Amino acid sequence: QVQLVESGGGLVQAGDSLRLSCEASARGFYAMGWFRQAPGKEREFVAAISWNGGGTYYANSVKGRFAISRDNTRNTVVLQMNSLQLEDTAVYYCALGRRSSFHGDSYDFWGQGTQVTVSS
């Protein structure tokens, strides 16, 4: 069983930046992703990164504003969120899986989520 612990959520104003981190309890050649779920909406893909960081993938809604990176020496993946918008308000979840994917079903382990709230 792999545990994922997210941190870095909070309340910010539109246009601000926020940095989310996710630490995994295990080492390995795994992909990691970030998903989010806003109230009353389905969970949606945000970003993913391959096991070696060579491949990064983004939802169109965050492309150019968010950046995903990882530090395998620390089993950590980071989501840097810039130019935050009201629509980015959601609970953000970190996920770990065998391959980078837009689909949540491809991930085997999930974190507990961290709230990001963007105010005007």
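Accessible areas, as used here, come from the Shrake-Rupley method with a 1.4 Å probe. On this basis, the accessible surface of the protein, which is represented by a predicted model, comes to about 6400 Å², and carbon and sulfur atoms account for 47% of that surface. Of the 120 residues in the protein, 46% are buried, where buried denotes a relative accessible area under 20%.

With regard to overall dimensions, the C-alpha trace spans about 40 × 25 × 25 Å along the principal axes of the protein. The radius of gyration is 13 Å, which agrees with the value near 14 Å that a compact globule of 120 residues would have. Among contacts between residues at least 6 apart in sequence, 56% join residues that lie at least 24 apart.

The secondary structure comprises 11 strands and 0 helices, so that, when read along the sequence, the protein follows the pattern β-β-β-β-β-β-β-β-β-β-β. Within this arrangement, 4 strands form an open sheet in the order β1-β3-β8-β7, with antiparallel pairing. The edges of this sheet are occupied by β1, which covers residues 4-7, and by β7, which covers residues 66-71, each of them pairing on one side only. Neighbouring strands of the sheet are turned against each other by 15 degrees on average, direction ignored.

At the edge formed by β7, this strand is joined by 6 bridges to β8, which spans residues 76-81 and runs antiparallel to β7. In the pairing with β8, F66 stands opposite M81.

Notes: Residues numbered from 1 in each chain as written. Predicted model: local features only at pLDDT ≥ 70, side-chain atom pairs only at ≥ 80, totals over all residues. Heavy atoms only, no water. Pairing = 2+ DSSP bridges. Helix = DSSP H or I, 4+ residues; strand = E, 2+ residues; numbered from the N terminus. Axes fitted to C-alpha atoms, helices over the stretch in contact; angles between N-to-C directions. Rg over C-alpha atoms; globule rule 2.2 N^0.38 Å. Buried < 20%, exposed > 50% of the residue type's maximum accessible area, 1.4 Å probe, protein only. Contact = heavy atoms within 4.5 Å.
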